[in-house]
Amino acid sequence: METFWRFWRNARNWVCWPDIRGETRFIIVMGMTGSGKTTFISQLTDQKAEIRVGHSLASSTAETSRYRVSGLKGEDIYLVDTPGFDDTKQSDLDILRTITDELAQLWHFKKCLVGVIFLHRITDVRLTSSAVKNMTVLQKLCGSENYGRIALATTMWKMAPGEEEEEAAEQRQNELEEYWKEMFGERSLIMRHKANTRESALEVVQGLRGRVQDTDTQRSLQIQRELCDEERKLEDTDAGHYVHFGLLKPVEQREMAELQKKIKDEGTRLGETELEAKKSEVRPGLKVQEFAGKEKARAGA
Ligand SMILES: Nc1nc2c(ncn2[C@@H]2O[C@H](COP(=O)(O)OP(=O)(O)OP(=O)(O)O)[C@@H](O)[C@H]2O)c(=O)[nH]1
Ligand SMILES: [Mg+2]
């Protein structure tokens, strides 16, 4: 029922928004909380009054919102702001649901999705588990066939002033690029959003727009295929499975993965029963995760 109401709310949102014509293109902006997603979008849109950059320690963006890139000739591009995982106010599952709802809507209403811009702070001196989680979810949402529709860009270069800091930041960028190339197989666009200006942000948007063919935009992302075409529940998608079960012990994760593979390979009812049994076995772990998320939200409220 909840899913129905969420879907209806979003559907009404599309219908009641006359600005969005059939040829409008969309780009999703993702990244860790505080990576500068909203700031990046605010540099490109005239909808300044609606947009809220977060200057406090708490996560800022809780919902997805669409903003039109201003000043583009002959083309309508909307950027979709999203919350980042490891938010201080919501659980990862809620965030995933928010993002996947938007992606499902785009596919359902046949909107043209160019791809995803993923932002990462160059000032982060370690690749934290949170950063890895955000990138892994990105992989699983898109699917390897769509890695060419991803732009990976670093932000916050201005916070590394001075020759030494700049050099250290360049060194991190090189390491990060190696890591990204391993994860995304050299197909994604890698950029520096260095100047933190409209021009620099526009370069990233146009860089991605320029390399994605219209035929590519007609292909579903992995999560769109899983949710809309295969009608899977979120927890049974690759990304959902990762966020749901990512915190389980490795042995439990392996058992779950083996059972899922068995179902896929053999399509057996037995495999499904076993999977359900395994899910109830690990459910207490999931409950702890959900509870922790809700507690976090309560503390932030
Ligand atoms: N120096 C510098 N500061 C930035 C940059 N991008 C964002 N900031 C600052 O970083 C803080 C967080 O920026 P946001 O744009 O709200 O980050 P976000 O990714 O949208 O964060 P959530 O909504 O919480 O997920 C704000 O104080 C921004 O002014 C950048 O490129 N350079
Ligand atoms: Mg934000």
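Strands S5 and S6 (residues 189–192) run parallel to each other, paired over four bridges. Keep in mind that you're looking at a predicted model. Let's use S5 (residues 150–155) as our base, then hop over to ligand 1.

**Who sits beside S5**
- On the S6 side, Thr154 has Arg192 as its bridge partner.
- S5 also pairs with strand S4 (residues 112–121), again in the parallel sense, and this time there are six bridges.
- Which residue stands opposite Thr154 here? It's His120.

**How S4 gets to S5**
- Helix H4 (residues 129–142) joins the two strands in a β-α-β unit, and that unit is right-handed.

**Buried or exposed?**
- S5 is mostly covered, with six of its six residues counted as buried.
- Side chains in a regular strand take turns pointing to one face of the sheet and then the other.
- On one side of S5 you'll find Ile150, Leu152 and Thr154, and they're all buried.
- Flip to the other side and you meet Ala151, Ala153 and Thr155, which are buried too.
- So where does Thr154 fit in? It's a buried residue of S5, with His120 opposite and Arg192 as its partner in S6.

**Around ligand 1**
- There are 21 residues around ligand 1, and the nearest are Gly36, Thr38, Thr39, Ser60 and Thr61.
- Which helix gives the largest share of this shell? That's H2 (residues 37–42), with three residues.
- What kinds of residues make up the shell? You get 15 polar, four nonpolar and two charged ones.

Definitions and conventions
Residues are numbered from 1 along each chain as its sequence is written. Chains are lettered from A and ligands numbered from 1 in the order in which they are written. This is a predicted model: local features need pLDDT of at least 70, side-chain atom pairs count only at pLDDT 80 or more; totals for chains, interfaces and linings use all residues. A residue is buried if 20 or more other C-beta atoms lie within 10 Å of its own, exposed if 12 or fewer, and partly exposed in between; C-beta atoms are placed from the backbone. Two strands pair if DSSP finds at least two bridges between them. A crossover is right-handed if, with the strands pointing away from the viewer, the path from the first strand over the helix to the second runs clockwise. A residue is near a molecule or strand if its C-beta atom, placed from the backbone, lies within 6 Å of it. Ala, Val, Leu, Ile, Met, Phe, Trp, Tyr, Cys and Pro count as nonpolar, Asp, Glu, Lys and Arg as charged, and the others, Gly among them, as polar.
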